[in-house]
Amino acid sequence: MKINSNTTDINIKRITALETYPVRHPVLREGRPFETCKMEADDLESTFHFGLYYKNKLVGVATFMMDKDLRFTEKKQYRLRGMAVLTAYQGYHFGKQLLQFAEQFLKVNKVERVWFNARTKALSFYKNNGYNTYGSIFDIPDIGPHYVMSKIL
Ligand SMILES: CC(C)(COP(=O)(O)OP(=O)(O)OC[C@H]1O[C@@H](n2cnc3c(N)ncnc32)[C@H](O)[C@@H]1OP(=O)(O)O)[C@@H](O)C(=O)NCCC(=O)NCCS
């Protein structure tokens, strides 16, 4: 399959929590029940879900929830969760485009800072997108080693 991420075949938009599952499940919850895709705060009005469609197929998702980490001082902080791109579509800058679209949306909505727990595997992806690590590495049971990462929008 030839993939070209610089085309008009890409459409990024807000989607529902349920719509994220076909990407969340294989990428982030592989081998576990489908219901494990559900996250607290998924259905709150303040939560935003974004999907990237390539040739009308959903290939990337990301969720942003209003949540404050006390190590940061900004009043309006959002937490990124469930960032995933289907395996066959990784490495083509779909993740980058999705993140940039979401950051712009959050900025317009006066969000000052984004933070999240990043899997160490994804560290370079987030660093390339302007995020820094904070504190020490820590373990999330059943998922693996993580860092807190963040950036001011
Ligand atoms: C992390 C993730 C969302 C990034 O999305 P993506 O579309 O693959 O990311 P991009 O293509 O925008 O950027 C990936 C970088 O790695 C490079 N890369 C090369 N081959 C790659 C591959 N097979 N997979 C991923 N990245 C690859 C890309 O060139 C790019 O580098 P650059 O920015 O220096 O050019 C995606 O890889 C993913 O879903 N990973 C598994 C789940 C995960 O770890 N999620 C994060 C939880 S915190």
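This passage walks through the aromatic pairs, the nonpolar core, two buried loop residues and the ligand surroundings of a predicted model. Local features were taken only at pLDDT of at least 70 and side-chain atom pairs only at pLDDT 80 or more, while totals for chains, interfaces and linings use all residues. Residues are numbered from 1 along each chain as its sequence is written, and side-chain values rest on heavy atoms, with hydrogens and water left out.

We can start with the rings. A search of the whole structure finds 16 aromatic pairs, where rings of Phe, Tyr and Trp (its six-membered ring) pair if their centres lie within 6.5 Å, and planes under 30 degrees apart count as stacked, over 60 as edge-to-face and the rest as tilted. One of these pairs is formed by Phe50 and Phe101, which meet edge-to-face with 5.8 Å from centre to centre and 70° between the planes. Phe50 belongs to strand 2 (residues 48-54) and Phe101 to helix 2 (residues 94-108), so this pair ties together parts that are 51 residues apart in sequence. Helices (H or I, at least four residues) and strands (E, at least two) are DSSP runs, numbered from the N terminus. Phe50 is buried, at a relative accessible area of 0%, whereas Phe101 is partly exposed, at 33%; buried means under 20% relative accessible area, exposed over 50% and partly exposed in between, with a 1.4 Å probe and protein chains only. Ring pairs also link Phe50 and Phe101 with Phe48, Phe64, Tyr78 and Phe105 into a cluster. Elsewhere, Lys13 lies over the face of Tyr53, 4.9 Å from the ring centre (the criterion for a charge over a ring is NZ of Lys or CZ of Arg within 6 Å of the ring centre and within 35 degrees of the ring normal).

Phe64 leads from the ring cluster into the core. This residue is found in strand 3 and is buried, at 0% relative accessibility. The largest nonpolar core has 36 residues, and Phe64 is among those with the most contacts inside it, together with Leu80, Tyr89, Phe94, Phe116 and Tyr126. Such a core is a set of buried Ala, Val, Leu, Ile, Met, Phe, Trp, Tyr and Cys residues joined through side-chain atoms within 4.5 Å. The elements that give two or more residues to this core include strand 1 (10-15), helix 1 (17-28), strand 5 (113-119) and helix 3 (123-128). Leaving aside neighbours within four places in sequence, Leu80 is in contact (heavy atoms within 4.5 Å) with residues including Phe64, Leu99, Phe116 and Tyr126.

Two loop residues are also buried. Asp42, in the loop between helix 1 and strand 2, has 3% relative accessibility and, beyond four places in sequence, is in contact with residues including Tyr21, Arg24, His49 and Met65. Asn129, in the loop between helix 3 and strand 6 (132-140), has 8% relative accessibility; Lys96, Leu99, Glu103 and Lys151 are its contacts once neighbours within four places are set aside.

Lys96 also appears at the ligand. A backbone N or O atom of Lys96 lies 3.0 Å from a ligand oxygen atom, and a polar backbone atom of Val85 is 2.8 Å from an oxygen atom of the ligand. For Met83, a backbone N or O atom lies 2.9 Å from a ligand nitrogen atom. In total, 19 residues surround the ligand (a heavy atom within 4 Å), and the closest are Met83, Val85, Gly91, His93 and Gly95.

Terms used:
Polar contact = N/O pair within 3.5 Å; in protein donor to acceptor, adjacent residues only side chain to side chain.
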